[in-house]
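Please read the following with the sequence and the coordinates side by side. The text begins with confidence, moves to the chain as a whole, and then takes up individual helices and residues.

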Amino acid sequence: MKLFWFILFFFLVPGFIKANQFAYFLSSKDHHAYRIDLVKNEIARLDSNSNWAFFNSLKTDSTYHPDFMKTAEFTVLQKTNSNIIYIFQECTNQIYVVDLTNFKLMRKDETYYRGDNCFAYRFFRGDKMYSLGGYGFWRTNNHLIYFDTKTKEWESVNAEGQAPSGMYHGFVSYFPEKDVIISFSNYSTDVSTNYGILQLDQTIYQFSFFTKTWTKLGKITHPVIRQILEDYSYHDRRHLFYTGKYFVFETSSNRNGIHTYYFINPRTLEVLEYKDLELKYARIALGASQPQNPSIFIHGPWLLNVLQNPNPESPDSFLYINFDDLAANATFIGFLTDLPWYQSDWFFASVLITLVSLLILLMRKIKPNSSHKEALKPHIQEVKWDIDPTSLRLLQAILTNQNTDGATIDEVNRILDIENVAFDSQRYRRSSMINQVNQTLALLTGEKNSIIRVNSEEDRRQKRYKINPNCLTLLQSKLNN
């Protein structure tokens, strides 16, 4: 008989034992941390000794019908300047509401099943509650659903476009001013695909409530952030948070008390970095906070950290920080879509400009020499030396005086036998003859003007005639032969 009662006790008593069902929130009004006990229906407040002290009991009515999982975790949403606390049970999306005005606890939904929304992103769009993505039934999803207050059930939002394959432990935020959702760096998994391995998607997505369409905005290419997010396990991502303006996270490799916080502004995709070199926040450990026994409480930009080993010389046992203010002192390090320097547009542009400049410089050095040589070769070998005696005597006279001051006008007149004609006629016939000789020699020398007119070195008002230096050697060779 004793054995019978022992076995009966062994099987029946665990059914009456319930795990602690706590939901935590940080008050934006008094900056205290609170714990809602959903089993005992009471609220406790964290006192200065880091103990939970009874604060107030919660009233329920006959319509209250809780349905808690033994290992339930809860997510809390608060509207700004509101006394209403919304509590979502993970993996079921059951909704419990606490009114801090009359301390009444209610259940809003009539969900009776376990869902696929573990660690989904939940938000308010006006007065309507939404849930996006999550994990359940051995796979992640990208479902956008809303709570219908009439049916007290969750309903889906039909959408189209390029949605992420899964949305789990990613970065998600809703912008009420644009009525859009931005999401990036999401995990996805399905047991029927790739053996259920978690896949990281670094694509940036946007959903518009106006068009009900998902679009891709690009990829995360910032070399530092991309590497951090690849190394940032999905377990660690449970400790990242959204201030309403910035996503805040730190790498799991932070050591020796020096924290490096990264801020991502999803509205502009700006990335900021803050290094706590002065060790002001050395005792904050985001990853040390556990769901069932948290040491960190967050609401909007505010973070309350319970100091595990408070300074005995200081009465403070908490650290209270506004992370939006911290971001104001952070350093801008680029945008999420920045490419590594060796893949950026300015790098390729500089390489292209350099190559074009080198090509132009090379062509300037090679083309004149090659063209000059190509011009000289056929002229020397193929052009026939056909020049009249008067032109020949003119060239010989100019070459004779090439190394002095050049041939004078009087000497040229004498060779052309125009000494006794009028001055204007002399100038005309002299110019005509020299132009004729230059045209004849152009085929041979490749120069437009083989005979050039220069100023006299003794008197710059007087003109002299010389052979163009570019064809001097060629004409001397021809005349000598």
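**Confidence and overall build**

Residues 3-17 have a pLDDT under 50 throughout, and the model gives this stretch one contact beyond four places in sequence. Residues 370-383 also have a pLDDT below 50, but here the model has 11 contacts beyond near neighbours in sequence. Where pLDDT is low, the predicted coordinates should not be read in detail. The structure is a predicted model, and its mean pLDDT is 84, with 87% of the residues at 70 or more.

The protein contains eight helices and 28 strands. It has 481 residues, of which 41% count as buried. The accessible surface is about 27900 Å², and carbon and sulfur atoms account for 53% of that area. When contacts between residues at least 6 apart in sequence are considered, 48% of them join residues at least 24 apart.

**Helices H5 to H8**

Helix H5 covers residues 389-400 and helix H6 covers residues 409-416. How do these two helices cross? Their axes come within 10 Å, at an angle of roughly 155°. An angle over 145° counts as roughly antiparallel, and H5 is therefore roughly antiparallel to H6. The crossing of H5 past H6 is right-handed. On the H5 side the contact is made by Thr390, Arg393, Leu394 and Ala397, and on the H6 side by Glu411, Val412, Ile415 and Leu416.

H5 also meets helix H7, which spans residues 423-445. The two axes come within 11 Å and cross at roughly 90°, so H5 and H7 are roughly perpendicular. Here H5 contributes Thr390, Ser391, Leu394 and Leu395, while H7 contributes Met433, Ile434, Val437 and Leu441. Thr390 and Leu394 of H5 thus appear in the contact with H6 and also in the contact with H7.

H7 in turn packs against helix H8, residues 472-480. The axes of H7 and H8 come within 11 Å and cross at roughly 100°, which makes this pair roughly perpendicular. Leu441, Leu444 and Thr445 of H7 meet Leu474, Leu475 and Lys478 of H8. Leu441 of H7 is in the contact with H8 and also in the contact with H5.

The loop between H6 and H7 holds Asp417. Asp417 has a positive phi of about 60° although it is not a glycine. Is Asp417 buried or exposed? With a relative accessible area of 62%, Asp417 is exposed.

**Residues in and between the strands**

His31 also has a positive phi, near 60°, and is a residue other than glycine. His31 is in the loop between strand S1 (22-26) and strand S2 (33-37). The relative accessible area of His31 is 33%, so this residue counts as partly exposed.

Ile95 belongs to strand S7, residues 94-99. Because its relative accessibility is 0%, Ile95 counts as buried. What does Ile95 touch, leaving aside residues up to four places away in sequence? Its contacts are Ile87, Phe88, Met106, Arg107, Lys108, Asp109, Met129, Phe147 and Trp154. One of these, Asp109, is 14 residues from Ile95 in sequence, and the C-alpha atoms of the two are 5.7 Å apart.

Tyr135 is found in strand S10, residues 128-136. Its relative accessible area is 27%, and Tyr135 is therefore partly exposed. Beyond residues up to four places away in sequence, Tyr135 touches Asp116, Asn117, Cys118, Thr140, Asn141, Tyr168 and Thr189. Tyr135 and Tyr187 are 52 residues apart in sequence, with a C-alpha to C-alpha distance of 10.0 Å.

**A residue in helix H2**

Ile228 is located in helix H2, which runs over residues 223-231. At 13% relative accessibility, Ile228 falls under the 20% cut-off and so counts as buried. Outside the residues up to four places away in sequence, Ile228 touches Phe249, Thr251 and Tyr262. Ile228 and Glu250 are 22 residues apart in sequence and 8.9 Å apart in space, C-alpha to C-alpha.

Methods
Residues are numbered from 1 along each chain as its sequence is written. This is a predicted model: local features need pLDDT of at least 70, side-chain atom pairs count only at pLDDT 80 or more; totals for chains, interfaces and linings use all residues. Side-chain values use heavy atoms; hydrogens and water are left out. Helices (H or I, at least four residues) and strands (E, at least two) are DSSP runs, numbered from the N terminus. Buried means under 20% relative accessible area, exposed over 50%, partly exposed in between (1.4 Å probe, protein chains only). Contact means heavy atoms within 4.5 Å. Accessible areas come from the Shrake-Rupley method with a 1.4 Å probe; for residues, only the protein chains shown count as cover. pLDDT is the predictor's confidence in each residue, from 0 to 100. Axes are lines fitted to C-alpha atoms, for helices over the stretch in contact, and angles run from 0 to 180 degrees between N-to-C directions. Angles under 35 degrees count as roughly parallel, over 145 as roughly antiparallel, 65 to 115 as roughly perpendicular and the rest as oblique. A crossing is left-handed if the near helix is turned anticlockwise from the far one by less than a right angle, and right-handed if clockwise.
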